[in-house]
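Colleague: Got a minute to go through this model with me? I'd like to hear the reasoning behind the labels, one at a time.

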Amino acid sequence: FWGSLALLLGGYFVYGAFVEKVFGADFGRLTPVKSRRDGVDYIELPRYKIFLIQLLNIAGLGPVIGPILGALYGPSALLWVVFGGAVHDYCSAMMSLRYGGASYPEIIGRNLGTGVRRFMEVFAIAFMIMVGAVFVLGPAALLANLTSFGLPFWATLIFAYYFLATILPIDKIIGRLYPLFGAVLIIMAVGMTVTMFTSGCEFYNWAAFPNTHPQQLPIFPLVFITIACGAISGFHATQSPLMTRCMESEKHGRMLFYGPMIAEGVLGLIWVTLGLSFYESPEALGAVIKAGTPTLVVQEISMALLGPIGGMLAILGVVVLPISTGDTAFRSARLLVADTLRIDQGPIVKRLMIAVPLF
């Protein structure tokens, strides 16, 4: 764990600085929010807010569910988390920044031609709608298990929240709630790690190379597509333009786009470690996953390490992850349509013209 953490942090301070230099970040260049401020999508936000919003935008359930499933394979899962997509995230975001906060298909179109751009517009819009739809059901099911309210109630509530987050100015809901949610997520993850140390738990009590999977499923390629917060992170490029429209200087690019991927990697390391250490064997971990999906693992570990109150906060932190990706997926879809059809998003009527058919 410590070795992997050192590699991630070294990547940020050493390789991240190298990538920034190669890209040619211009600290004096005018950013889109300075030239296109509209009070809706182009709104200047503080750096700490952009960092936490970007972290939640890209994370989804990637740094929790994937690492828990990956823990079945043993410590090789830790190594895969280190190969994060930070360079991809930084470069895709900085290209968007250079192109005036351009969306993913527009970046592609400027470099690969109109035909590819049209294909990516259709694909990306459909993909964003599917991501948003999936991230209604997942958190609604988890909340239904924790409360006396049923799945339809929570699904309706989440769907209504998504609609508001899609059409309102980015600083009204996302800019206010995300920093709080992000802080809760980080505090709870670190809290569980510290509690494992103080409780005398034996770390990695069954971890072994090369493979500990109960069914001996192969590490290659399954670990690489199970832990999605590793290098496979193309989805992030669709989310970054939301934040490139809110930042005041290119000099913040490494912190705001390279940094959140490193933070997601740290969260992934924590959940791999919890999965490898909390249960007495891979078979025991596998049995809990089979009985209730990885969310039951989250519930068991959180309640055991942090007690009822802390455990509930930790679980809510995990619930927030898919919700915070679902709402920005729909918001990204609105902006993709607006960019494609060249529809000004200042008037709320024009936002509704796009958002209502999407939903």
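**Reasoning through the labels**

Modeller: Sure, let's start with proline 221, which sits in helix 11. Keep in mind that this is a predicted model.

Colleague: What makes the bond between phenylalanine 220 and proline 221 cis?

Modeller: The omega angle, which is about 5 degrees there. There is also a cis bond between phenylalanine 209 and proline 210, with omega at about 0 degrees. Proline 210 belongs to the loop between helix 10 (174-198) and helix 11 (219-226). As background, most peptide bonds are trans.

Colleague: What about tyrosine 204, what is its phi?

Modeller: Positive, about 50 degrees, although tyrosine 204 is not a glycine. Tyrosine 204 lies in the loop between helix 10 and helix 11. Arginine 342 also has a positive phi, near 55 degrees, and is not a glycine either. You'll find arginine 342 in the loop between helix 14 and helix 15 (348-358). In general, most residues other than glycine have a negative phi.

Colleague: Why is arginine 342 called exposed?

Modeller: Exposed means over 50% relative accessible area. Arginine 342 has 57%, so it counts as exposed. Tyrosine 204 has 23%, so it is partly exposed; that label covers values between the 20% and 50% cut-offs.

Colleague: Now helix 12 and helix 14. Why are they called roughly perpendicular?

Modeller: Helix 12 (residues 236-244) and helix 14 (residues 282-341) pack at about 80 degrees, with axes 10 Å apart. The label roughly perpendicular runs from 65 to 115 degrees, and the two helices therefore earn it.

Colleague: Which residues make that contact?

Modeller: Helix 12 brings Thr238, Gln239 and Leu242, while helix 14 brings Thr325, Thr328, Ala329, Arg331, Ser332 and Leu335. By class, the contact of helix 12 with helix 14 has three nonpolar, five polar and one charged residue.

Colleague: How do you know that helix 12 is largely enclosed by the rest of the structure?

Modeller: Count the buried residues: nine of the nine in helix 12 fall in that class, so the helix is largely enclosed. Among them are His236, Ser240, Pro241, Met243 and Thr244. The cut-off for buried is under 20% relative accessible area.

Colleague: Let's turn to charges. What makes arginine 29 and glutamate 250 a salt bridge?

Modeller: Their closest N and O atoms are 3.2 Å apart, and the cut-off is within 4 Å. Arginine 29 is in the loop between helix 1 (2-23) and helix 2 (32-36), whereas glutamate 250 is in the loop between helix 12 and helix 13 (253-278), 221 residues apart. Arginine 98 passes that test with glutamate 250 as well, at 2.7 Å. Arginine 98 lies in helix 6 (residues 86-98), so its pairing with the loop holding glutamate 250 ties together parts 152 residues apart in sequence.

Colleague: Which residues does that network of salt bridges link?

Modeller: Arg29, Arg98 and Glu250. The structure holds eleven salt bridges.

Colleague: Is glutamate 250 buried or exposed?

Modeller: With 1% relative accessibility set against a limit of under 20%, glutamate 250 counts as buried. The two arginines are labelled otherwise: arginine 29 has 37% and so counts as partly exposed, and arginine 98, with 28%, is partly exposed.

Colleague: What makes glutamate 121 and arginine 117 a salt bridge?

Modeller: The N to O distance is 3.0 Å, set against the 4 Å limit. Glutamate 121 and arginine 117 both lie in helix 8 (residues 114-146), four residues apart, about one turn of the helix. An α-helix has 3.6 residues a turn, so residues three or four places apart point the same way. Glutamate 121 and arginine 117 are both buried.

Colleague: Last topic, the largest nonpolar core. Which residues touch the most other members?

Modeller: Trp271 and Leu285, out of 103 residues in that core. Helix 14 gives the most to this core, 22 residues.

Colleague: And what is tryptophan 271 in contact with?

Modeller: Leaving aside neighbours within four places in sequence, the contacts of tryptophan 271 include Pro63, Val64, Pro67, Ile68 and Met192. Val298, Ile301, Ser302 and Val318 are also in contact with tryptophan 271. In soluble globular proteins, nonpolar side chains tend to be buried together.

Key:
Residues are numbered from 1 along each chain as its sequence is written. This is a predicted model: local features need pLDDT of at least 70, side-chain atom pairs count only at pLDDT 80 or more; totals for chains, interfaces and linings use all residues. Side-chain values use heavy atoms; hydrogens and water are left out. Axes are lines fitted to C-alpha atoms, for helices over the stretch in contact, and angles run from 0 to 180 degrees between N-to-C directions. Angles under 35 degrees count as roughly parallel, over 145 as roughly antiparallel, 65 to 115 as roughly perpendicular and the rest as oblique. Contact means heavy atoms within 4.5 Å. Ala, Val, Leu, Ile, Met, Phe, Trp, Tyr, Cys and Pro count as nonpolar, Asp, Glu, Lys and Arg as charged, and the others, Gly among them, as polar. A salt bridge is a side-chain nitrogen of Lys or Arg within 4 Å of a carboxyl oxygen of Asp or Glu. Buried means under 20% relative accessible area, exposed over 50%, partly exposed in between (1.4 Å probe, protein chains only). A nonpolar core is a set of buried Ala, Val, Leu, Ile, Met, Phe, Trp, Tyr and Cys residues joined through side-chain atoms within 4.5 Å.
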